[in-house]
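Open the model in a viewer and keep the sequence panel visible. The stops below are given as selections, each followed by what is there.

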Amino acid sequence: MTQANGAGDGGRFTDVSALRPGGHAVVVGGGLAGVTSALALADAGVRVTLLEGRPRLGGLAFSFQRGDLTVDNGQHVYLRCCTAYRWFLDRIGGAALAPVQDRLDVPVLDLERPEGRRLGRLRRDALPVPLHLGRSLAAYPHLSLAERASVGRAALALKGLDLADPILDTQDFGSWLTAHGQSARAVEALWDLVGVATLNAVAGDASLGLAAMVFKTGLLSDPGAADIGWAHVPLGELHDRLARKALDSAGVRTEVRTRATSVSVNENGGWSVQVPGETLEADAVVLAVPQREAHDLLPDGSLDAPENLLRIGTAPILNIHVVYDRKVLAAPFLTALGTPVQWVFDRTEASGLKEGQYLALSQSTAQNEIDEPVAALRERYLPELERLLPRTRGAEVKDFFVTRERTATFAPAPGVGRLRPGARTKAPGLYLAGAWTATGWPATMESAVRSGVGAAGAALGALGRSRGLLPDFFEEAA
């Protein structure tokens, strides 16, 4: 019998799960982590109830209607190395709707160079690591020859880092890059180009451990690891409609507009989850909610240092949406230097727009802009788009609006690794999931799915159910 002091009702936690094979699990939170946990548990034969306070599933990767447009709250991409999210897409029947590039190819425009000489590309060849990026780096026009050579040396040093070394989490990536000969220009034009989009932090504010994980896994593990995938349909089609269909088929009871108000041990040693008008009894509970919400729901004694959850910072992402009366961008996406604009994506077809073109600008590390008025953002970004895309000059802006995610990700600051809890708590039958938990990944869709699998695996073991149906990345996720 496993016990821990301090249950929410003043008693003790008692592990009775071994007496209840199968059982009932309640998953609190209908984002990617919660949906993944619910599917994995149901696939193993557990009766599952999924609770989501919003009127839809998908968490922070969702869609909404704006007139005739279906708008994603923000542009989300994934890489070929994101095996967990790719499994999730397969599981809900959505893989064909979010394909991956045949081969990494990222147009990079530098507005500080004269027109006609602004375009560079980051792309790979069909060669083994690290030669797959060699030709692209050698021809990259936004760095000098000496800077390109130094980038290669730093990449080899990065490849040699041990991701299991806890010291990496205490250091910042920017200082490491400086110590390995990287100029400010190299950081801006290459390292931050990738790091800001994946970490939601500039190099100087990012944990070396998380940055090393991103670059080693995405660029230095397999030639195709960094090939980019994105949804060619609204995110709601994947994370809400198809996810709900998969949950229904698996027998999951899904309740939206239903927020859990408390989680406590009941008189039988199981769990009671309180929602408005109902108390759900469960043998296992997965809290797949943001860290602050998880902190508020955790019974006393569930974690040794629950205050650590409140010390995990957050970082915003701003998305700027512009609809033009004509096509102004020929590529599906691009990224830029020498301008506040970071990444620009064509969302015309996915949104259902019939005439003109709809562009979405994804602006990470947006702390200084997240609360700015729409008018100020319009005044800043429309001229920048005219500088970046000559075809916008003279085009009519049919619509301009913004979406703001003030707590889009956890802040990947040095030291965050020791604050991120694992799936298991000290309370038998109570588990944590979310991109902010200890998956080893930054706050991405991949991390969310991995956390959901890890929580489900831990719960299945306690419930006496086989973990044989879990995907093969389970051990790493747990």
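Which residue in strand 2 stands opposite Ala-25? Val-48 does. Before going further, note that this is a predicted model.

**Stop 1: the parallel sheet**

Select residues 24-28, which are strand 1, and residues 47-51, which are strand 2. The two run parallel and are joined by five bridges, and the pair Ala-25 and Val-48 is a place to look along them. Now widen the selection to the whole sheet: it is open, has five strands, and follows the order 9-2-1-13-19 with parallel pairing. Its edge strands are strand 9, at 253-255, and strand 19, at 430-432, and each of these pairs on one side only. From one strand to the next, the twist averages 15°. As general background, strands in a sheet pair through backbone hydrogen bonds, either parallel or antiparallel.

**Stop 2: helix 14 and its neighbours**

Keep strand 19 on screen and add strand 13, residues 284-287. Helix 14 lies across both of these strands, and its direction makes an angle of about 165° with strand 19.

Next, select helix 1, residues 32-43, together with helix 14, residues 445-463. Their axes are 7 Å apart, and the helices pack at an angle of about 35°. The crossing of helix 1 and helix 14 is right-handed. To see the contact itself, show side chains. On the helix 1 side, the residues include Leu-32, Ala-33, Thr-36 and Leu-41. On the helix 14 side, Met-445, Val-449, Gly-452, Ala-456 and Leu-460 are among them. How many charged residues does the contact of helix 1 with helix 14 have? It has no charged residues, with twelve nonpolar and four polar ones.

**Stop 3: the annotated domain**

Select residues 32-459. UniProt, in an unreviewed entry, places the feature "domain: Amine oxidase" over this range. Over these residues the chain is 34% helix and 22% strand. The C-alpha atoms at the two ends of the range are 17 Å apart.

**Stop 4: helix 2 against helix 9**

Select residues 83-92 for helix 2 and residues 235-250 for helix 9. The two axes cross at roughly 65° and come within 9 Å. From helix 2, the residues that take part are Tyr-85, Phe-88, Leu-89, Arg-91 and Ile-92. They meet residues of helix 9 including Leu-238, His-239, Leu-242 and Ala-246. By class, the contact of helix 2 with helix 9 has nine nonpolar residues, one polar and one charged.

**Stop 5: Gln-101**

Move along the chain from helix 2 toward strand 6; Gln-101 is found in the loop between them. Is Gln-101 buried or exposed? Gln-101 counts as buried because its relative accessible area is 11%, and the cut-off for buried is under 20%. Show what surrounds this residue: leaving out residues up to four places away in sequence, Gln-101 touches Arg-80, Asp-227, Ile-228, Trp-230 and Phe-333. Gln-101 and Ile-228 are 127 residues apart along the chain, yet their C-alpha atoms are separated by 5.5 Å.

**Stop 6: strand 6 and its two partners**

Continue to strand 6, residues 105-110. Strand 6 is mostly covered, with five of its six residues buried. Strand 7 runs antiparallel to strand 6, and five bridges join the two. Strand 15, residues 333-337, runs parallel to strand 6 and is joined to it by three bridges. Center the view on Val-108, which stands opposite Gly-120 in strand 7 and opposite Thr-335 in strand 15. Leu-109 stands opposite Leu-119 in strand 7.

Then follow strand 7 by itself, residues 119-123. The side chains alternate along it: Gly-120 and Leu-122 point to one face and are buried, whereas Leu-119, Arg-121 and Arg-123 point to the other and are not buried.

**Stop 7: the antiparallel sheet**

Finish with the open sheet made of three strands in the order 10-11-12, where the pairing is antiparallel. Strand 10, at 262-265, and strand 12, at 278-282, are the edge strands, each pairing on one side only. The twist here averages 25° from one strand to the next. Select strand 11, residues 271-275, which four bridges join to strand 10. Ser-264 has Ser-272 in strand 11 as its bridge partner.

Key
Residues numbered from 1 in each chain as written. Predicted model: local features only at pLDDT ≥ 70, side-chain atom pairs only at ≥ 80, totals over all residues. Heavy atoms only, no water. Buried < 20%, exposed > 50% of the residue type's maximum accessible area, 1.4 Å probe, protein only. Pairing = 2+ DSSP bridges. Axes fitted to C-alpha atoms, helices over the stretch in contact; angles between N-to-C directions. Left-handed = near helix turned anticlockwise from the far one by under 90°. Contact = heavy atoms within 4.5 Å. Nonpolar A, V, L, I, M, F, W, Y, C, P; charged D, E, K, R; others polar. UniProt positions renumbered as here; feature names shortened; annotations may be inferred.
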